Amino acid sequence: MLWEELQIHIEQLAEKAQKRTLIQAESDGCFIHIDGRHLFNFSSNNYLGFAHDERLIHASMEATRRYGVGATASRLVVGNHPLYEQAEDALVRWKGCEAALIVNSGYTANVSILSSLAGRDAVIFSDKWNHASIVDGAILSRAEVKRYRHADVDHLETLLKKAERHKRKIIVTDTIFSMDGDVAPLRELVALKETYGAMLVVDEAHASGIYGEKGQGMAHEHEIAEQIDVHMGTFSKALGAYGAYVAGKRVVIDYFINTMRPFIFTTALPPSVLGTICTAIEIVQQERSLRHHLHALSDYFRTHLQQAGFDIGQSTTHIVPIIVGDNERALAFSVRLRERGIVAVAIRPPTVPDGTARLRFSLMATMTKEQLDWALAEITAVGKEMGLIV
């Protein structure tokens, strides 16, 4: 009976064009090999191209040779090998904070932060478009959860005013929203958290390495980093490696070390990952020209899609959606682009709200303007064929 129920659920997903399957893919910079084809890749989070950087590959191999392939235990047992201290010291200098903690993934970080900071005596105020890891962390915390309309600080303030005074208040937001490429109103959120005595937690997963003078993130870009209570970010996107970080005051990090269950009960990261992170933090601060090139390419790409008549939402960054609306049309759009040599994955509910299915384009600093010109011509041609634009 159970298997039949599971099969029915899968069939229902297929009927809504929401059934997912795994495909084998081998990345090669801004290209990718799928089904024997060499395709231009708009679906990677490898924004600076670090995943194939020889300096990081060398660092990974050296760490493995020196410390072995596994951490052998959780960090609070005997898995805290020396590269953790080296990487976290580098992280503290880069982010300009008192202390930092490396955890195993971005999902783990958000679930851990919220379930550690909040409990039944807290209220979490979460942007409606926040990442699923924030949504899940808020649910697991058992706190009261208030989702404010996307980037709507007036709605957030209305909810803050209604909250019980004695409850701990936590505002949490992505800095760049992963499916829309727009930016949270960080200055306004800082003002509200100070007015209402709340904590502010920001997720810099898609901004780390890309924004700020040394790639520290969007909070540094807006010069409000010191006014934010908890900074979270990942090493698995612009920094090309794996893992995530939490940064802030010493007391906050000490609290997390003692209360974050996913951190306490998880085997530590392999030394190769920590070796890669150490080098990635070092070189990302020096790669200002890569950041500038990525911003210029992103501006160019967004401008030409808008001029062609596509709906790219409110994107102002290197993440650019083309919002189609219907699941089947989004899938068909993706398939037709792949036939022309371009990979742009269709994003459907529940990742995005019903009726807003889209193709998500993420740009890389290793792309060239000539490659984008070719891709824009192909995207525009398919858009006209499908009647998405005129």
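**Two pockets and a buried strand**

Helix H5 makes the largest contribution to the lining of the largest pocket, giving 3 residues. The model described here is predicted. In this model, the largest pocket has a volume of about 860 Å³. Its lining is made up of 33 residues. Those closest to the centre of the pocket are His131, Ala132, Ser178, Met179 and Thr351. Four elements give two or more residues each to this lining. Two are helices, H5 (106-117) and H6 (132-141). Two are strands, E9 (230-234) and E14 (357-362). The lining is mixed in character. It holds 13 nonpolar, 11 polar and 9 charged residues.

The second largest pocket has a volume of about 650 Å³. A set of 23 residues lines it. Thr21, Ile23, Arg338, Val345 and Ala346 lie nearest the centre of this second pocket. Here the elements that supply two or more lining residues are strand E2 (31-34), helix H14 (327-339) and strand E13 (346-347). Helix H14 provides the largest share, with 4 residues. By type, the lining of the second largest pocket divides into 11 nonpolar, 8 polar and 4 charged residues.

Attention now turns to strand E10. This strand spans residues 244-248 and is mostly covered. Of its 5 residues, 5 are buried. Buried here means under 20% relative accessible area. In a regular strand, side chains alternate between the two faces of the sheet. In E10, Ala244, Val246 and Gly248 point one way. Tyr245 and Ala247 point the other way. The residues pointing in either direction are all buried.

Which strands are joined to E10 by bridges? One is strand E4, which covers residues 99-103. E4 and E10 run antiparallel and are joined by 5 bridges. Within this pairing, Leu101 has Val246 of E10 as its bridge partner. Another is strand E9, also joined to E10 by 5 bridges. E9 and E10 run antiparallel too. In this second pairing, His231 has Ala247 of E10 as its bridge partner.

The two parts of the description meet at strand E9. This strand gives two or more residues to the lining of the largest pocket. E9 is also bridged to E10, whose residues 244-248 are buried.

Key. Residues are numbered from 1 along each chain as its sequence is written. This is a predicted model: local features need pLDDT of at least 70, side-chain atom pairs count only at pLDDT 80 or more; totals for chains, interfaces and linings use all residues. Side-chain values use heavy atoms; hydrogens and water are left out. On a 1 Å grid over the protein atoms alone, a cavity is a set of points where a 1.4 Å probe fits but cannot get out, and a pocket is an open set with protein on both sides within 12 Å along at least five of seven lines; lining residues have an atom within 4 Å of a point. Grid points are joined across faces, edges and corners, and a volume is the space filled by probe spheres set on the points. Ala, Val, Leu, Ile, Met, Phe, Trp, Tyr, Cys and Pro count as nonpolar, Asp, Glu, Lys and Arg as charged, and the others, Gly among them, as polar. Buried means under 20% relative accessible area, exposed over 50%, partly exposed in between (1.4 Å probe, protein chains only). Two strands pair if DSSP finds at least two bridges between them.
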